[in-house]
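Let's take a walk through this structure together, one element at a time. Keep the viewer open and rotate along as we go.

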Amino acid sequence: MDTNTQRLLHTFSALADLGQEIAAAGDFDEMLRTSFHLLLGSLAIRRGAVAEYEREPGSVRFVATRGLGESLSGPLALSTDHAQRLSSLGSSISLADAGKEAQRFLEDHKDAFASVEIDLVLPLVVREELIGLVLLGEKATGEKFTDEDLEVLSALSRHIGVGIRSHRLLDEIGHKADENLRLYEGLRAIYKETVRAFAAAIDIKDRYTQGHSVRVGKYSEIIAREMGWPDEEVEGITIAGYLHDIGKLIVDLSVLNSPGRFNAKEQKEMNRHPYAGYEILSPISHPYADIPLMARYHHERMDGNGYPDGLKGDQIPPGAKIVTLADSFDAMTTDRPYRKKLPLEDVLADFRVNTGTQFDPEVVCAFCRAFLKEIEGSKERRLLNLLNRNYSNMERLSPMLSQMLSEFDGGGDTRAASAAGN
Ligand SMILES: [Fe+2]
């Protein structure tokens with residue numbers, strides 16, 4: 001094999017290695033150093049550096065050096081004009097082309113280069129933009145760089161330039177993505193605040209259920225979290241809880257604030273609110289899935305005897321099942337015009353009897369688990385704090401909650417399990 005063929009093979013192998021280094025998703029600086037050492041190795045050059053050009057503040061910064069000691073550590077100024085002239089030379093360099101501009105760069109910084117000998121300056125140009133510079137000392141053999149050498153160096157430099165540019169683009173995309181995320185988070189916060197304000201407005205209209213919507217949102221959140229829902233969906237169900245009764249805004253005020261139990265006509269008027277809520281919420285594009293459906297189906301029952309659509313079991317969206325339980329829990333634990341709040345034993349007894357027919361056993365279990373954990377002190381007191389002003393001495397509920405968990409956990413035939421438990 002003649003020398004030229006050998007050199008060609010060596011260049012190809014360096015190029016292949018370089019391609020691999022640049023494609024590898026590892027540490028960028030390390031990639032750059034390895035690529036640069038491959039470049040030096042291809043022509044047995046002992047010293048040199050790669051510098052990255054930064055348009056702002058108009059300087060080159062050394063990112064990989066070899067054999068130059070400490071003398072070239074700081075950034076060196078490079079004006080926009082000079083950078084433009086260097087970039088106009090293109091990435092295929094001939095010594096004659098690059099010589100004048102490169103010489104000027106070395107001249108401009110003769111103090112910095114005083115103790116190091118740089119024989120060659122190669123601009124790294126990608127898409128007519130100066131990305132950086134490769135500075136090289138002489139070959140170990142002391143021979144001059146030939147045109148062929150320059151072609152090899154130019155090919156390898158091009159790879160390094162593309163690597164630096166790709167890295168910059170990825171960085172920019174990362175910054176943009178961060179910025180978008182911040183904007184998105186901001187919008188979400190505004191959305192949540194608006195929804196909370198809306199929930200308060202719903203509750204003001206219904207003077208007997210002050211704070212109901214916000215509490216249902218919080219109970220729903222506690223249950224969904226206990227069920228292991230991801231954060232995003234937990235946020236969604238909280239919002240759904242806040243908005244579940246939004247349809248009450250169109251219910252006749254005299255019905256809504258009627259002091260006694262509803263007559264048939266009033267009940268019919270009242271029962272319009274889930275579907276009305278769905279209609280109000282559907283045209284809005286929410287940042288979470290299924291909010292309108294959770295409002296529509298929060299009065300459905302597992303046995304199909306609910307309203308407005310009489311859905312059964314799995315036909316009911318999981319979120320609506322959670323809101324149903326949270327809604328019932330808050331209704332039973334607060335005073336209503338026709339009755340006082342119920343003792344917690346009675347509330348749990350109601351859940352126990354109606355699990356499988358009205359309530360989903362999985363949701364009941366999650367609720368019992370969260371409740372029990374808070375009583376035992378292994379979980380932050382959220383449910384208990386929401387109830388505190390109404391109830392005390394909740395430790396007494398632990399056996400009942402444990403009993404319900406052993407009856408309903410596993411999600412089998414819950415009615416049979418419930419009957420067996422009774
Ligand atoms: Fe409701």
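A good place to begin is the pairing of strand β1 (residues 48-54) with β5: the two run antiparallel and are joined by five bridges. If you would like one pair to look for, Val50 has Val134 in β5 as its bridge partner. Please keep in mind throughout that this is a predicted model.

From that pair we can step out to the whole sheet. It is an open sheet of five strands, in the order β3-β2-β1-β5-β4, and its pairing is antiparallel. Which strands stand at the edges? They are β3 (76-77) and β4, and each has a single partner strand, so one side of each is left without a neighbour in the sheet.

Being at an edge does not tell us how covered a strand is, so β4 deserves its own look. Strand β4 (residues 120-126) is mostly covered, with six of its seven residues buried; a residue counts as buried here when 20 or more other C-beta atoms lie within 10 Å of its own. The partner of β4 is strand β5 (residues 129-136), and seven antiparallel bridges link the two. Among the paired residues, Pro123 is matched with Leu133 in β5.

The link between these strands is a hairpin with two residues between β4 and β5, and Arg127 in the turn has a positive phi of about 50°. Glu128 also lies in the loop between β4 and β5, and its phi is positive too, about 60°, although Glu128 is not a glycine. Is Glu128 buried or exposed? It counts as exposed, with 10 C-beta neighbours inside 10 Å.

The loops around β1 hold two more backbone details. In the loop between α2 and β1 you will find Ala44, which has a positive phi of about 50° without being a glycine. Ala44 is exposed, with 10 other C-beta atoms within 10 Å. In the loop between β1 and β2 sits Pro57, and the peptide bond joining Glu56 and Pro57 is cis, with omega about 15°. A second cis peptide bond runs from Tyr307 to Pro308, with omega near 10°; Pro308 is placed in the loop between α11 and α12 (318-332).

Now for the helices. The axes of helix α5 (residues 147-205) and helix α6 (residues 212-226) come within 7 Å and cross at roughly 130°. α5 and α6 are therefore oblique to each other. On the α5 side the contact involves Arg196, Ala199, Ala200, Ile202 and Asp203, which meet His212, Ser213, Val214 and Gly217 of α6. Sorted by class, the contact of α5 with α6 has four nonpolar, three polar and two charged residues.

Our last stop is helix α10 (residues 273-281), whose buried residues are His273, Pro274, Ala276, Gly277 and Leu281. Looking down the axis of α10, these buried residues fall within an arc of 160°, so they line one face of the helix. Some general background helps here: an α-helix has 3.6 residues a turn, so residues three or four places apart point the same way. What do the buried residues of α10 pack against? Their packing partners are α7 (231-243), α9 (264-270) and α11 (291-296).

How values were computed
Residues numbered from 1 in each chain as written. Predicted model: local features only at pLDDT ≥ 70, side-chain atom pairs only at ≥ 80, totals over all residues. Buried ≥ 20, exposed ≤ 12 C-beta atoms within 10 Å, placed from the backbone. Helix = DSSP H or I, 4+ residues; strand = E, 2+ residues; numbered from the N terminus. Pairing = 2+ DSSP bridges. Axes fitted to C-alpha atoms, helices over the stretch in contact; angles between N-to-C directions. Parallel < 35°, antiparallel > 145°, perpendicular 65-115°, else oblique. Contact = placed C-beta atoms within 7 Å. Nonpolar A, V, L, I, M, F, W, Y, C, P; charged D, E, K, R; others polar. Arc of directions from axis to C-beta.
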